[in-house]
Amino acid sequence: MDFDFIMLGLLMFIRVLSLSTEQLSVHGLGREVRQPLATMVITFGGAACVLWGAAALHDQVEWIGITIWSGAIYAITFGLYTTALGIGPVGEVSPWTNATIVLMWLVRPTGGIVSALAMVLFAVGAWKLVGRKVSKAVVMMVAGDVLLVTARLVDASHTGYPLYAYAASQFTSVALWMLVPTFLFQKHKNVLQLAAARPLWGVTAAGANAIAYLTLFALLKWLPPTIVEAVSSLAGLLATLFGVVFFRETDGRRKIVACTLMTLGVLCLLLDHWHPS
């Protein structure tokens with residue numbers, strides 16, 4: 001029992017750390033140069049390589065062809081996500097990674113007074129974060145959240161496949177869809193140039209992306225999806241803290257307070273809908 005508790009805590013820690021590291025490294029890879037296609041190919045193509053390595057270790061080297069269609073939705077979703085993190089400050093964009101939960105609640109409101117107060121907390125935090133002007137990066141991130149809901153619904157219908165084979169196939173499909181506009185707009189040279197210019201950011205982004213995906217499924221074996229989402233929501237706050245400190249972003253205190261309110265809102269919303277029974 002003690003060992004199970006330690007493993008669960010370790011998985012939670014790795015999940016939050018890998019998600020926040022992914023957000024920071026994608027921003028570090030794409031900032032200033034603003035080459036979203038190259039950033040996406042490196043991040044998700046690299047993650048696919050890591051996942052195929054994991055699949056080989058678990059004797060699951062098998063191509064799951066059905067992922068090519070869900071991969072198309074994920075490619076657009078991750079494209080918006082990556083571009084937003086590349087052009088916007090981490091402290092302004094990362095808090096919106098939790099908006100998926102809020103959007104799902106808005107589509108189908110449930111719960112009681114706690115959920116209502118949770119939405120107020122999130123709204124106050126969002127207002128404090130964006131002020132009177134909503135940046136292009138924030139709009140792109142929220143649009144990505146909307147598509148992510150669709151992608152997750154499609155993904156949920158693909159059950160019964162080997163975990164590592166499915167994960168590797170999914171990320172390979174995403175990378176292949178991203179290669180289409182890369183070659184169409186003749187941006188393939190940018191991929192090599194960016195990989196050579198920022199190899200550490202590229203490796204970190206790819207590795208963190210793959211680990212975050214695998215820990216998601218690992219945690220789902222131990223905990224209900226609601227609690228996994230609650231744990232994952234902490235990554236946006238951690239990324240904001242690191243972004244403000246590491247990248248020396250302006251208005252750091254405002255961003256941290258706003259992100260804290262948004263995260264608390266999402267946590268309360270999720271916990272209000274968690275029923276252990």
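What share of the 277 residues in the protein chain is buried? In this predicted model, buried residues make up 50% of the protein chain.

The secondary structure of the protein chain consists of 13 helices and 0 strands. Read from the N terminus, every element in the series is accordingly an α element, written α-α-α-α-α-α-α-α-α-α-α-α-α. Along the principal axes, the C-alpha atoms occupy a box of roughly 50 × 45 × 35 Å. The radius of gyration of the protein chain is 18 Å, which agrees with the value near 19 Å for a compact globule of 277 residues. Of the contacts between residues at least 6 apart in sequence, 88% link residues at least 24 apart.

The surface of the protein chain was examined next. The exposed area is about 13,800 Å², and carbon and sulfur atoms account for 71% of this area. The protein chain carries 17 positive and 13 negative side chains, with a separation of 15 Å between the centres of the two sets.

Two helices illustrate how individual elements are covered. Helix H3, formed by residues 67-87, contains 21 residues and spans 29 Å from its first C-alpha to its last, close to the expected 30 Å. H3 is mostly covered, as 16 of its 21 residues are buried. Helix H13, formed by residues 252-272, also has 21 residues. The distance from the first C-alpha of H13 to its last is 30 Å, close to the 30 Å expected at 1.5 Å a residue. Buried positions in H13 include Gly252, Lys255, Ala258, Cys259 and Met262. Further along H13, Thr263, Gly265, Val266, Leu267, Leu269 and Leu270 are buried as well. An α-helix has 3.6 residues a turn, so residues three or four places apart point the same way. The partners of the buried residues of H13 are helix H4 (90-93), helix H5 (99-107), helix H6 (113-130), helix H11 (225-232) and helix H12 (234-246).

At the level of single residues, Gly144 lies in helix H7, which comprises residues 136-156. Gly144 has a relative accessible area of 4%; this residue is therefore buried, because the value falls under the 20% limit. Leaving aside residues up to four places away in sequence, Gly144 touches Thr77 and Leu80. Gly144 and Ala165 are 21 residues apart in sequence, and their C-alpha atoms are 25 Å apart in space.

Conventions. Residues are numbered from 1 along each chain as its sequence is written. This is a predicted model: local features need pLDDT of at least 70, side-chain atom pairs count only at pLDDT 80 or more; totals for chains, interfaces and linings use all residues. Side-chain values use heavy atoms; hydrogens and water are left out. Helices (H or I, at least four residues) and strands (E, at least two) are DSSP runs, numbered from the N terminus. The radius of gyration is taken over C-alpha atoms; the globule rule is 2.2 Å times the number of residues to the power 0.38. Buried means under 20% relative accessible area, exposed over 50%, partly exposed in between (1.4 Å probe, protein chains only). Contact means heavy atoms within 4.5 Å. Accessible areas come from the Shrake-Rupley method with a 1.4 Å probe; for residues, only the protein chains shown count as cover. Lys and Arg count as positive and Asp and Glu as negative; His and the chain ends are not counted. The place of a charge is taken as NZ of Lys, CZ of Arg, CG of Asp or CD of Glu. The expected span of a helix is 1.5 Å times one less than its number of residues.
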